[in-house]
Amino acid sequence: MEATNVFNITNLTLDDEGKYTCKVCNKERTTSLYIHRGINAYLKAFIIKEPDETLYDINSKVKLICTFGKNKQKLSKNEQKLSKDYFELAWYKLASDGQREPKPLNVHESVDGPYLLLDPLTQEAEGTYECEVTRPIVNYYDFKLVRIKLKDRFRPKIHVRNYNSVFVRKETENFSLWYNVSSQPACKIAWWRSKDGVKYQLITQCLVDAQRCEKPDKGNLTITKTSFEIKDLKFPQDNLFYKLVAENDKWNDSKTFQIQVLAKPEIEVQEEMHMFKKGMIMIINCTLSKRVNPPEINYTWHSCDTVNCGKDIAKWKLESRSYSLRIDNQVKAEMKYRCIAINAAGKDESATITVYKLSGNFSTNVPTKSTASVKTLLSVVVPTGIITLIISVATCFVLYKRKKIYGGFYLFSYPPLPDYMETLDVNGNIQEQLQKLPFIAEWEFPRERISFISELGSGEFGVVWLAEAMGISAFRPRDILKGRKSRRRFSFFNRMTKTSSYVYCKEVTKVAVKRIKDNWDRSKLLDLQSELKILIHVGENENIVNILGACTK
């Protein structure tokens, strides 16, 4: 229906939507007609927060979605789709003074609406965000605020259940320790170990985002974020200092403890049967098969002269309270001996050692081991002529070598010793040059004539013991080597001098003995050998410790 100043439309359809112009007296005005499609003309802002929490961990992940809502609920997906044609959505961040920043934030698009992804959530991302809904055509504006706040930061704190600075356990036992670490933000956990409590080596670490800790290099060690366990403790492998370190991006905390693994003595008997002859002195050592902890050991030697001694200590007589047993007289034809070693970790008893007294005809009284069957002698099948030829060739070869080395055959006298120190290259590698120095056999002293008393100290590769050496006062290898050139082979005088040598000297002298450590390797053995060669070849001097002898066999 039309009138002069009214334009009326009934039964509106979508086709009626558009612009209309009114002209009056050469003047015109245009207006737009929009058909309402069932959408609320004034929608509210609605924020979806994932995850929906009050406080967040630093470096966590937060997703903020800005969408439409009504009655404090978000619209259905179909309603949201229709609303996007009429409304605009945007994200803004409020400054510290509460004013909105002029430019909207860069966002990601989704079905629900534009969203902000705070990943990782840092201190800079903490603050207030505004979700804005606008309808420009009618100048409509609505907003909703959301506050993103981080949890209060605090330094890591380690709590260890039943904590001690020193844990004492015995070998073969298991060691377990439970702990928990509190920190904000979450922290990295690292385990370290040290032999001396000064220099530490990393065992493993537990990263913040990892569910499990890295696998340690030792098979008997298990570490998680709440537990530390060592199975089947061993000495000295597990007798160490351990350190737990918890560290976040600002602070750290640590706990240090020591595990003392007690190892009891284990006696190793090398020979269970010995022969004793009148006039001789026999020394039997209570040798241990491995290192012990603590190193303080009480040794006792016991004897029994009956047939059925057994292990009843009442039948055994106390003989000595030292590492070595000295026997210089034996009345009975058969004696049994046993060593007992005790420390704080426990004790061990040696196997029974039997000593038989030899007489003029003892072959029927002394038990012998079964001998292997004798092989057929090669001399039966090898012609005598071939054997003679081999001997002749060998003799000629030996004489040729002696002539080349010493400048003569020296069949009836000892050849002069070369000056090995002159052959060394002062500009060469010292380790290589030391290997050129030979060990001279005259310095070899019998090991069985040494009785160890107590440990004095230790170094990088050696341990120094206080010991007693029988006959060392008559053992003069340096004097023998000096007079070697004037001595003749196979002479009666040489045989006479042997009767007055250290072998028949019963004088006992206290000496310092340097031994290689039980956990030695080839490099430590070479170091000890090099030190021995230097002391032999450099000669005597009042300013250095002089060597008396060496046991290399």
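**Close-up 1. Lys-49 and Asp-52 share a salt bridge in this predicted model.** The two side chains come together at 3.6 Å, N to O. The partners sit in contrasting surroundings: Lys-49 counts as buried because its relative accessibility is 18%, while Asp-52 is exposed, with a relative accessible area of 62%. The pair belongs to a structure that holds 14 salt bridges.

**Close-up 2. Lys-290 meets Glu-171 and Glu-266 in two salt bridges.** Begin with the contact between Lys-290 and Glu-171, with 2.6 Å from N to O. This pair links distant parts of the chain, 119 residues apart: Lys-290 is in the loop between E21 and E22, and Glu-171 is in the loop between strand E12 (166–170) and strand E13 (175–184). Now look at Glu-266, whose side chain meets that of Lys-290 at 3.3 Å, N to O. Because Glu-266 lies in the loop between strand E19 (252–262) and strand E20 (273–276) and Lys-290 in the loop between E21 and E22, this pair ties together parts that are 24 residues apart in sequence. As for exposure, Lys-290 is partly exposed at a relative accessible area of 24%, and Glu-266 is partly exposed at 33%. Glu-171, at 15% relative accessibility, counts as buried. As a friendly reminder, side chains of opposite charge can pair when their charged atoms come close.

**Close-up 3. Thr-172 and Asn-59 have positive phi values.** Thr-172 is found in the loop between E12 and E13, and its phi is near 75 degrees. Thr-172 is exposed, with a relative accessible area of 55%. Asn-59 has a phi near 70 degrees and is found in the loop between strand E4 (55–56) and strand E5 (62–70). With a relative accessible area of 48%, Asn-59 is partly exposed. These two are worth a look because most residues other than glycine have a negative phi.

**Close-up 4. Cis peptide bonds precede Pro-120 and Pro-236.** The bond from Asp-119 to Pro-120 has omega near 0 degrees, and Pro-120 lies in the loop between E8 and E9. The bond joining Phe-235 and Pro-236 has an omega of about 5 degrees. Pro-236 has its place in the loop between strand E17 (227–230) and strand E18 (241–247). For context, most peptide bonds are trans.

**Close-up 5. Trp-301 and Ile-327 touch the most other members of the largest nonpolar core.** This core has 30 residues. Several strands each supply at least two residues of the core, including strand E22 (298–304), strand E25 (334–343), strand E28 (450–458) and strand E30 (508–516). Domain 3 (274–357) and domain 4 (430–485 + 499–538) each contribute at least three residues to this core. Apart from it lies another core, of 26 residues, with Phe-228, Phe-235, Ala-246 and Val-261 among them. In soluble globular proteins, nonpolar side chains tend to be buried together.

**Close-up 6. Tyr-42, Ile-137 and Val-138 form a nonpolar patch on the surface.** Together these residues have about 300 Å² of accessible area. Val-138 lies in the loop between strand E9 (127–135) and strand E10 (140–150). At 40% relative accessibility, Val-138 counts as partly exposed.

**Close-up 7. Residues of a UniProt "binding site" annotation cluster in space.** The annotation comes from an unreviewed entry and covers Gly-457, Ser-458, Gly-459, Glu-460, Phe-461, Gly-462, Val-463, Val-464 and Lys-514. They are spread over 58 residues of sequence, yet the largest C-alpha distance is 11.9 Å. Within this group, Phe-461 has its place in the loop between E28 and E29. Phe-461 counts as buried because its relative accessibility is 13%.

**Close-up 8. Leu-437 and Ile-534 are 8.1 Å apart, C-alpha to C-alpha.** In sequence, 97 residues separate the two. Leu-437 is found in the loop between helix H4 (430–435) and E28. With 2% relative accessibility, Leu-437 counts as buried.

Terms used: Residues are numbered from 1 along each chain as its sequence is written. This is a predicted model: local features need pLDDT of at least 70, side-chain atom pairs count only at pLDDT 80 or more; totals for chains, interfaces and linings use all residues. Side-chain values use heavy atoms; hydrogens and water are left out. A nonpolar core is a set of buried Ala, Val, Leu, Ile, Met, Phe, Trp, Tyr and Cys residues joined through side-chain atoms within 4.5 Å. Buried means under 20% relative accessible area, exposed over 50%, partly exposed in between (1.4 Å probe, protein chains only). Helices (H or I, at least four residues) and strands (E, at least two) are DSSP runs, numbered from the N terminus. Domain bounds come from an automatic or database domain assignment. Patches are made of residues with over 30% relative accessible area and no salt bridge: like charges are joined within 9 Å, nonpolar side chains (Val, Leu, Ile, Met, Phe, Trp, Tyr) within 5 Å. Accessible areas come from the Shrake-Rupley method with a 1.4 Å probe; for residues, only the protein chains shown count as cover. A salt bridge is a side-chain nitrogen of Lys or Arg within 4 Å of a carboxyl oxygen of Asp or Glu. UniProt positions are given in the numbering used here, feature names are shortened, and annotations may be inferred rather than shown by experiment.
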